[in-house]
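Welcome to two short exercises on a ligand site and a cavity. Keep the viewer open and work through each solution step by step.

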Amino acid sequence: MARKKIALIGAGNIGGTLAHLIGLKELGDVVLFDVFPGVAAGKALDIMQSGPVDGFDSAMSGAGDYSAIAGADVCIVTAGFPRMPGMSRDDLLTKNAEVIAKVGEGIKTYAPDAFVICITNPLDVMVWVLQQKSGLPPEKVVGMAGVLDSSRFRLFLAQEFGVSVEDVTAFVLGGHGDTMVPLTRYSTVAGIPIPDLIKMGWTTQEKIDAIVTRTANGGGEIVKLLEKGSAFYAPAASAIAMAESYLLDKKRVLPSAVLLNGEYGQSGFYVGVPVVIGAKGVERIVEVQFTAEEKAAFEKSCDAVKKLIADFKKLGV
Ligand code: TXD
């Protein structure tokens, strides 16, 4: 069987890291697409030259023309502009929506059968624009944020409890970043829910609250340290987990931004919920029962996403 083809739209920090991980995990061949095709080609060649050392054969190339992504099985989208000093949130929304609209058209023309993972911020709005412009079925267009948010949450919980990250599971929903909703009663150490761990004296509610806040501000903490640019290793690893679940039909349950159609009483916009990702794309949306408090937090998060979409529609892009 021929190797799978993975198109990375955007060859910046996350794009380059994605390509490297795809090589190391032998997931397929890679086309890195960017408005700076030289950067894309340079990264592709550099990573391919690590293949003989690390033992992978993925073919990698760079491109500045959409025809290069033809027939891709997976497209991962990071193209866009970072927020610059003096740029308002609306400016960023407009500029990135214009980029994503072009990306959507490119995917529609050349890779209409792909599974598409959007990473570009503001995530919940950009993935919606991408689905609209590409016209791909909603189950084939998802946004990456929840895997990253829950990975950050798992790390901080593992550090708090002094246990392996592997034995900590976390359940997060909602929009990306500060409106993220962690469900602590569904987050566990080896199956023991956090509220029980509090009762067992492993931690306190105050410490858990501080971890939740740190998780929600996880992106900002890294931006502050890096001074220029934002996180890219963990975001790339998170998108790869989603791509791998699709390519290998693993049917993993991963929090992803998906288009809701009545689930959780919401419709017509993308927001993060747990879903099963397999060979058909989003195969199932997992709908849990909320407590009144969780319901309120989720609705607040949905309202923030809906407001951003309304702001975006007013801009008339
Ligand atoms: O959880 C999440 N979803 C996120 C999102 C976590 C971390 C970062 N997140 C967002 O991902 C971040 O706010 C950015 O919007 C994207 C990409 O982050 P990255 O760190 O990779 O940004 P870079 O290094 O600036 O790369 C963006 C690339 C750069 O090479 C540009 O030249 C290219 O995008 N670019 C384009 N490529 C193709 N087509 C067009 N039109 C285009 N415009 C810019």
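A polar contact here is a pair of N or O atoms within 3.5 Å; within protein, one must be able to donate a hydrogen and the other to accept it, and residues adjacent in sequence count only if both atoms are side-chain atoms. The model is predicted: local features need pLDDT of at least 70 and side-chain atom pairs pLDDT 80 or more, while totals for chains, interfaces and linings use all residues. Residues are numbered from 1 along each chain as its sequence is written, and side-chain values use heavy atoms, without hydrogens and water.

**Exercise 1.** Describe the polar contacts of the ligand and where the ligand lies.

*Solution.*
- Step 1: a backbone N or O atom of Gly 80 is 3.3 Å from a ligand oxygen atom.
- Step 2: Asn 121 places a polar side-chain atom 3.1 Å from an oxygen atom of the ligand.
- Step 3: for Met 144, a backbone N or O atom is 2.8 Å from a ligand nitrogen atom.
- Step 4: domain 1 (5–143) and domain 2 (146–315), with bounds from an automatic or database domain assignment, both give residues to the shell, so the ligand lies between them.

**Exercise 2.** Find which elements line the largest cavity (a set of points on a 1 Å grid over the protein atoms alone where a 1.4 Å probe fits but cannot get out; lining residues have an atom within 4 Å of a point).

*Solution.*
- Step 1: the largest cavity holds about 70 Å³ of space.
- Step 2: its 15 lining residues include Ala 145, Asp 149 and Gly 272, which are among the closest to its centre.
- Step 3: strand 12 gives the largest share of the lining, 3 residues.

Note on methods:
1 Å grid on protein atoms, 1.4 Å probe; cavity = no way out; pocket = protein on both sides within 12 Å on 5 of 7 lines; lining within 4 Å. Points joined across faces, edges and corners; volume = space filled by probe spheres on them. Helix = DSSP H or I, 4+ residues; strand = E, 2+ residues; numbered from the N terminus.
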